[in-house]
Amino acid sequence: MHQPTVYVVDATVWIDLHLCQHALQAVFGLGIDFVSPDLVISEELPASLAAHLRSLGMQARTMASHQIPELSRIAESRSALSVQDISVYLLACDLGAGVLTGDGPLRRFCQEQQVTVHGTLWLMDCLVQRGLIAATAAEQCLNTMLAAGSRLPTEECDRLVRRWKRLRGGGFSKD
C-alpha cells in the first residue's frame, strides 16, 4: 500500500509526542508534511504546544465551508466521533492524506473509509527504522508516555520494544 507523504494529525498524537521532546522534534525529519485542523489546534492543544508545533513545521488548516454539511451528516450517524475527529477525517480526504491518531473510534472510521491511518507507535517505529532516534531513546519515550497515562496498546508497545532490542543487538527483524 502506498504511504502518504501528508498526514493529518489529531491531538492525541501531538500530546503523546510532546511528552518526549526529542521524538517530537525528530518526526519533522521524516519527510512527512504534518497538518492539523484549526479546530483541533484551538480546542484540544495548549497554546504553547500549538505554537511549538507550528515553529517545527506543522501546518494548520481551516475547515472549508463545503465540508460543514458532510461534518453534520457524519456527526449524526457516528456519535462516537467528536467534531474534531470528523474535521481530521474530512481534511485528510480533501488533501488525499493519511491520518495519525490515537483515538479508537476515529481509527476505525478511517479504516472503514479506506483512509490510511496510523498512530504514535507507527511514528516512533519510523523514527527508529530511519535512524532519527536510537532504539533505547524510543523505548524510554514509550515508557514516559505510558507513565504519563498515554493510552497506547500495551501488546504493540511490547512488540516494538522487542524488535528495537533486536536492532540494538545487531539482528534486524521485521515483525
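This dialogue explains how to read confidence, a sheet and a helix pair in a predicted model.

Student: How is the reliability of the model expressed?
Tutor: pLDDT is the predictor's confidence in each residue, from 0 to 100. Here the chain has a mean pLDDT of 92, and 95% of its residues reach 70 or more. Over residues 171–175, however, the pLDDT is below 50. Because the model is predicted, local features need pLDDT of at least 70, side-chain atom pairs count only at pLDDT 80 or more, and totals for chains, interfaces and linings use all residues. Residues are numbered from 1 along each chain as its sequence is written, and side-chain values use heavy atoms, with hydrogens and water left out.

Student: In what order do the strands of the open sheet lie?
Tutor: Strands (E, at least two residues) and helices (H or I, at least four) are DSSP runs, numbered from the N terminus. Two strands pair if DSSP finds at least two bridges between them. The order of the 5 strands is E3-E2-E1-E4-E5, with parallel pairing. Strands E3 (59–61) and E5 (117–118) stand at the edges with a single partner strand each, so one side of each lacks a neighbour in the sheet. Strand E2 (residues 33–37) is joined to E3 by 3 bridges, and Pro37 stands opposite Arg61 in E3.

Student: At what angle do helices H9 and H10 cross?
Tutor: Axes are lines fitted to C-alpha atoms, for helices over the stretch in contact, and angles run from 0 to 180 degrees between N-to-C directions. The axes of H9 (residues 135–147) and H10 (residues 154–168) cross at roughly 160 degrees and come within 9 Å. That makes H9 roughly antiparallel (over 145 degrees) to H10.

Conventions. Angles under 35 degrees count as roughly parallel, over 145 as roughly antiparallel, 65 to 115 as roughly perpendicular and the rest as oblique. Contact means heavy atoms within 4.5 Å.
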